[in-house]
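Work through the exercises below with the structure open. Try each task before reading its solution.

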Amino acid sequence: MFKIASSPHTHSSNLTARFMLWVIAAMLPAVAVQYYYFGVGVLLQILLAVGFAYVLELIITALRRKPIFFYVADFSVILTALILAVAIPPYAPYWIILIGTFCAVILGKHVYGGLGQNPFNPAMVGYVVLLISFPLQMTSWMPPIALLNEPPTWNDTLSLIFNGVSSDGYSLLQLVGTIDGISQATPLDSVKSGLHNQQTLADIISSPIFSRRSGFAFFGNGWWQLNLAFLLGGLLLLWKKIIHWQTPTALLLSLTLLATANWLFAPQSSLNPLWQLFSGATMFCAFFIATDPVTASITPKGKLVFGALVGFLIYIIRYYGNYPDGVAFAILLANICVPLIDHYTRPRVYGYQVKNDRIKNNHIKK
């Protein structure tokens, strides 16, 4: 009979831990796809992020004189670290993930009072700091390891991440230098760079970087499969009712409508809508980032507005901005609007309208 909107503040670490574990489990297929195409660097970045995040969580919790086990046992810091780790290039220097994790845990979470009180998505805070401060390292994605003459071993990965060169003394640039037509960028980055250099979209799509062998082809390997893995994980979360359908649906629908309209009116400079949906971090954002229960809207209508706003901002940044993906900036900008969205979309209390009508009538009679 009544619509009740619960507070985002969590009072049970067991309930929070269960939700976090389900989200982590839903991300594992995407992690497996990343590992298959990019190698052990993905796992090493995750280990570094999770380990350092736990250390920071223990230190900050102790300094704040909070019950350490209660706060650490909710697994929220693991999810934050995991989201950040899979978002950065697998062979980025070790200090990249350490700085990002520090900013996510300290600046994105604990500076506001901890889980349930942070207005911004912690992982996206760390990612934006890294992207603005270290753009070269954050955009140096290695092509699928199947294309390399000598895929990096575990020792090579350790050496690349901690020393900047492989165990044989080759840098990441030298390892991929023998691959003809392959650049160290994502598909969206390649399209934006090509259009900026006065190339036509047809020439960009027909280049070797978008071939099936490169892993960038739409129905080929790599990025399409990674987004599909995030989509399947997101559907699992919807089925388990860990997240609500409104936010991802509104986000994907908003992005699809804008991409379709622009593609119809300017096909020479706009990617097919399917490229927009299955390239970059679209599915990752829709099901795992935008659905954060703390920093997203908590009302049913507000979730629709929030999701549509994120989708709108993603496309605006992709099309007009300097960043090819725009997910992190879209999330943080939408987070700012959450209090306003919740204010105007919260369910009315039973009898609220009747009471207002009576007050208005009494005022008129007087």
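A polar contact is a pair of N or O atoms within 3.5 Å; within protein, one of the two must be able to donate a hydrogen and the other to accept it. The model used here is predicted.

**Exercise 1. The start of helix α6**

Task: Find which residue caps the N-terminal end of α6.

Solution: The capping residue is Asn 121. A side-chain oxygen of Asn 121 lies 3.2 Å from the backbone nitrogen of Ala 123. The cut-off for a polar contact is 3.5 Å.

**Exercise 2. The length and surroundings of α6**

Task: Compare the span of α6 with the expected value, then decide whether the helix is largely enclosed or not.

Solution: Begin with the length. Helix α6 covers residues 122-133, which makes 12 residues. The distance from its first C-alpha to its last is 17 Å, close to the 16 Å expected at 1.5 Å a residue.

Next, look at burial, where the cut-off is under 20% relative accessible area. Since 9 of the 12 residues of α6 are buried, the helix is largely enclosed by the rest of the structure. Among the buried residues are Pro 122, Met 124, Tyr 127 and Leu 131.

Last, find the neighbours. The buried residues of α6 pack against α4 (76-87), α5 (94-107), α7 (135-138), α15 (282-289) and α17 (327-345).

**Exercise 3. Two residues of helix α2**

Task: Classify Gly 41 and Leu 43 as buried, partly exposed or exposed.

Solution: Gly 41 is in helix α2, which runs over residues 41-63. Its relative accessibility is 0%, so Gly 41 counts as buried. Leaving out residues up to four places away in sequence, Gly 41 touches Pro 90, Tyr 91, Thr 157 and Ile 161. Gly 41 and Ile 161 are 120 residues apart along the chain, yet their C-alpha atoms are separated by 7.9 Å.

Leu 43 also lies in helix α2. Because its relative accessibility is 34%, Leu 43 counts as partly exposed. Together with Tyr 35, Leu 47 and Trp 154, Leu 43 forms a nonpolar patch on the surface. The accessible area of the four residues together is about 390 Å².

**Exercise 4. Positive phi in two loops**

Task: Give the phi angle of Arg 65 and of Phe 75, and state how exposed Arg 65 and Phe 75 are.

Solution: Arg 65 sits in the loop between α2 and α3 (68-72). Its phi is near 60°, a positive value in a residue other than glycine. With a relative accessible area of 80%, Arg 65 is exposed.

Phe 75 sits in the loop between α3 and α4. Its phi is near 65°, which is positive, and Phe 75 is not a glycine. At 26% relative accessibility, Phe 75 counts as partly exposed.

Methods. Residues numbered from 1 in each chain as written. Predicted model: local features only at pLDDT ≥ 70, side-chain atom pairs only at ≥ 80, totals over all residues. Heavy atoms only, no water. Helix = DSSP H or I, 4+ residues; strand = E, 2+ residues; numbered from the N terminus. Buried < 20%, exposed > 50% of the residue type's maximum accessible area, 1.4 Å probe, protein only. Contact = heavy atoms within 4.5 Å. Patch = residues over 30% accessible without salt bridge, like charges linked within 9 Å, V, L, I, M, F, W, Y side chains within 5 Å. Areas by Shrake-Rupley, 256 points an atom, 1.4 Å probe, with all protein chains shown as cover. Salt bridge = Lys/Arg side-chain N within 4 Å of Asp/Glu carboxyl O. Expected span 1.5 Å × (residues − 1).
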